[in-house]
Amino acid sequence: MNIGIIGSGSWGTSISKVLLNNGHNIKIWTRDEHVFNSLKNGENPYYLPGISIPKSIIPTLKLEEVISDSELIVLAIPAQAIRSIAEQIKPLYSNQIIVNLAKGLEISTQKRVSEILDEVLKINKYVVLSGPSHAEEVARDIPTSIVAASNNMELAKIVQENFSNVSFRVYTNNDIVGVELGGAIKNVIAISAGIIDGIGGWDNSKAALITRGLAEITRYGIKKGAKKDTFSGLAGLGDLIVTCTSQHSRNRYVGEMIGRGKKLDEIIENMNMVAEGVYTVKALYEEIKDLNIEMPITEKTYEVLYLNKDPRKAIHELMMRELKDEN
Ligand SMILES: NC(=O)c1ccc[n+]([C@@H]2O[C@H](COP(=O)([O-])OP(=O)(O)OC[C@H]3O[C@@H](n4cnc5c(N)ncnc54)[C@H](O)[C@@H]3O)[C@@H](O)[C@H]2O)c1
Ligand SMILES: O=P(O)(O)OC[C@H](O)CO
């Protein structure tokens, strides 16, 4: 297939390698001239240091070049950039399959990526690819399993067949809502897991946080129309585990720095990669109050990040909530 990748950060670059190895023709769009020049030289040290990038992956600074002759378009940009990129590709878009890799909710609307694309492009060929998949490992061909979800199972199967290989195993799923929400909200829980790492690396606390984090992701997801089972799969529990525990996780890292007493602005300023939970928690905070959905970890994470709450006080408040039944 001719595949166009929009976004040349760590995940866009890494998935380009997977797809090239699978025999596809790959063009990758970047907005950054320095990344463009590096890719031409067979590397992307800004986002994927130490990995050699085959020169047959063709970089371009022109969006029209990745759209016009592509049969399938991959979106590998942050969730907050989706609407503006969708507006830009609208005049060029000719009903190709769009595979979204972004994991987040739009701050101003609380919308999922598929809802944004639906609004702007009236898209009817959408697949979201999500699950435990750090770019740093995928780029090294470390065995990874992931989920391709679509309303149209034929499309999910096309993605499954074209993206899978011996070290990249793709399952299909028909629950777009659950797969998108699992991927977006685990980033918030991972920030709180990182806070625990930064404060003291407490194993008991972190295990509880992952488990109760999954409970609140599931609660929110069901209210939004997701299927409960999706959250015990790769796009739910699987991604939550990897993001809360991995040395590679950007979201966990933000939390760890907060736990060590650093300020959010300072942390973000020194990171060139996106930590989606920092934005998704903003999207969720007001909405969960309005909808009366109980998500105490999400709420406390927001208060620590944006209302200057001491993380130890937040943990104390979580522990002192009204006692209740687990289910
Ligand atoms: N890195 C991973 O391991 C990984 C794995 C799975 C999913 N994801 C998700 O994929 C998405 C992209 O993540 P990433 O890690 O590649 O991010 P990144 O920060 O490494 O790269 C983001 C890319 O998007 C571009 N970009 C940023 N803002 C933009 C804008 N406003 N308009 C156009 N382009 C813009 C950047 O220039 C860069 O090329 C995120 O939603 C992330 O959660 C990442
Ligand atoms: O590095 P993170 O925290 O953005 O997580 C990346 C992926 O979503 C892991 O599957």
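How many residues surround ligand 2, and which are the closest?

## Around ligand 2

Let's take that one straight away: ligand 2 is surrounded by 15 residues, and Ser 133, Thr 243, Ser 249, Arg 250 and Asn 251 are the closest. Three helices each give two or more residues to this shell, namely H8 (176-199), H10 (234-245) and H11 (250-259).

The shell around ligand 2 is made up of seven polar, four charged and four nonpolar residues. Both domain 1 (2-174) and domain 2 (177-319) take part, with at least three residues drawn from each.

## How far to trust the model

Please keep in mind that this is a predicted model. The protein chain has an average pLDDT of 97, and 100% of the residues score at least 70. For the complex, the predictor reports a pTM of 0.98 and an ipTM of 0.99.

## Around ligand 1

Now to the other ligand. There are 27 residues around ligand 1, and those that come nearest are Gly 9, Trp 11, Ala 81, Ala 102 and Ala 135. Helices H1 (10-21) and H4 (82-89) each supply at least two residues of the shell. The biggest giver is H1, with three residues.

By class, the shell around ligand 1 holds 13 nonpolar, ten polar and four charged residues. Where does ligand 1 lie with respect to the domains? Ligand 1 lies between domain 1 (2-174) and domain 2 (177-319), because both give residues to its shell.

## Strand S6 and its neighbours

Is strand S6, residues 126-130, largely enclosed or open? Five of its five residues are buried, so S6 is largely enclosed by the rest of the structure. You can follow this on each face: Tyr 126, Val 128 and Ser 130 are buried on one side, and Val 127 and Leu 129 are buried on the other.

S6 has a parallel partner in strand S5 (residues 97-100), joined to it by three bridges. In this pairing, Asn 100 sits opposite Val 128 of S6. Between the two strands the chain passes through helix H5 (residues 113-121), making a right-handed β-α-β crossover from S5 to S6. S6 also pairs with strand S7 (residues 144-149), this time in the antiparallel sense and over three bridges. Here Leu 129 stands opposite Ala 148 of S7, and Leu 129 is one of the buried residues of S6.

How values were computed. Residues numbered from 1 in each chain as written. Chains lettered and ligands numbered in written order. Predicted model: local features only at pLDDT ≥ 70, side-chain atom pairs only at ≥ 80, totals over all residues. Near = placed C-beta within 6 Å. Helix = DSSP H or I, 4+ residues; strand = E, 2+ residues; numbered from the N terminus. Nonpolar A, V, L, I, M, F, W, Y, C, P; charged D, E, K, R; others polar. Domains from an automatic or database assignment. pLDDT = per-residue confidence, 0-100. Buried ≥ 20, exposed ≤ 12 C-beta atoms within 10 Å, placed from the backbone. Pairing = 2+ DSSP bridges. Right-handed = clockwise from strand over helix to strand, strands pointing away.
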